[in-house]
Amino acid sequence: MILFLIACEDAPKYDKFADVFEPSLTVNAGAVPPNGERLQVLVNPARVGQCRALPELTANVDGIAMTRLHGKVEKESYSYDRDCSVYEFELDTASIASRPAGEKSVVTVTDGVTTLSLETRNLFAPRTLALAGEVSAGGEVVLRWSPGGDVIATENSFAVELVAGEDKRRITPVTVTPEEVRFAIPADVHGPVTVELLGTAAIAPPLVACTGAKSCSVSRVFLVPAVEFVVP
């Protein structure tokens, strides 16, 4: 018997962005004191497989280049390697400050060949509420969003913290839609009041388009300034 030894080259390395398995594209924005504005973009595969550094990978928002982050992230509940399986980018605060508050934003991640992108609206806009119509003790209060059109997680419950003089109480139920917030003023409340919406983590900018990715998601962490009015 004659044995033939065949010299083989090493198995090819698949270090292309196109080889990342079912990538998801995540955009996280935020404006909570004292940390200020932030914008984070993450790309991660559905399953972590072969390590791919992908040094040529870049990201931008509306054409403005983001900074690629490197190294391992170690948290109590999770960890990941930004040079191997999860690709993370951030936008510097000066660039965030120069962005228009409204209209659409397009976030793009690419290696020059394969591109993932998502489109959203009002990514950088502060959220505010304003009183709409008249109020009366025991009646319904309507607060109007600016800007409107956000996505509300239907499984979430909201509350309003109401302060009237020395009296502070939490009001439920509260109905939150993409255009307004509704709740009832207790019948025994009169005079100047301040109300603050609780539960804004369940409110996110709308996802208009998702291209090239298995899934896309957008979030914005924010506090809504309190609204003041007088109950007759």
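Which residue is the bridge partner of Thr67 in E8? Select Thr67 and then Glu90, for Glu90 is that partner.

Before going further, a word on what is on screen. This is a predicted model, in which local features need pLDDT of at least 70 and side-chain atom pairs count only at pLDDT 80 or more, while totals for chains, interfaces and linings use all residues. Residues are numbered from 1 along each chain as its sequence is written, and side-chain values use heavy atoms, with hydrogens and water left out.

**Stop 1: the open sheet**

Strand labels (E) are DSSP runs of at least two residues, numbered from the N terminus. Two strands count as paired if DSSP finds at least two bridges between them. Keep Thr67 selected and extend to strand E5 (67–68), then add strand E8 (residues 87–90): E5 and E8 pair in the antiparallel sense over 2 bridges. Now show the whole open sheet, whose 5 strands come in the order E5-E8-E2-E1-E20 with mixed pairing. At its edges you will find E5 and strand E20 (215–222), each of which pairs on one side only.

**Stop 2: the disulfides**

A disulfide here is a pair of cysteine sulfur atoms within 2.5 Å, and by this rule there are 2. Select Cys51 and Cys84, whose sulfur atoms are 2.2 Å apart. This pair links distant parts of the chain, 33 residues apart: Cys51 is in the loop between strand E2 (36–44) and strand E3 (58–61), and Cys84 is in the loop between strand E7 (79–81) and E8.

Are the two ends buried or exposed to some degree? Buried means under 20% relative accessible area, exposed means over 50%, and partly exposed lies in between (1.4 Å probe, protein chains only). Cys51 has 41% relative accessibility, so it counts as partly exposed; Cys84 has 15%, so it counts as buried.

Next, select Cys210 and Cys216, with sulfur atoms 2.1 Å apart. Look along the S-S bond: with 70° about it, this link is right-handed. Cys210 is partly exposed because its relative accessibility is 34%, and Cys216 is buried because its relative accessible area is 15%. With the bonded cysteines numbered in sequence order, the pairing is 1-2, 3-4.

**Stop 3: strand E9 and its partners**

Why is strand E9 (residues 104–110) described as largely enclosed by the rest of the structure? The reason is that 5 of its 7 residues are buried. Add E3, which pairs with E9 in the antiparallel sense over 4 bridges; there, Thr58 has Thr110 of E9 as its bridge partner. Then add strand E10 (residues 115–121), joined to E9 by 7 bridges and running antiparallel to it. Val109 stands opposite Leu116 in E10. The hairpin of E9 and E10 has 4 residues between the strands, and Gly112 takes a positive phi near 95° there.

**Stop 4: the nonpolar cores**

A nonpolar core is a set of buried Ala, Val, Leu, Ile, Met, Phe, Trp, Tyr and Cys residues joined through side-chain atoms within 4.5 Å. Show side chains for Trp145, Val176, Val181, Phe183, Leu197 and Phe229: these have the most contacts inside the largest core, which has 27 residues. At least two residues each come from several strands, including strand E12 (140–146), strand E14 (158–164) and strand E15 (167–176). E14 gives the largest share, 4 residues.

Finish at another core, which lies apart from that one and has 26 residues, among them Val20, Val43, Val109 and Leu118.
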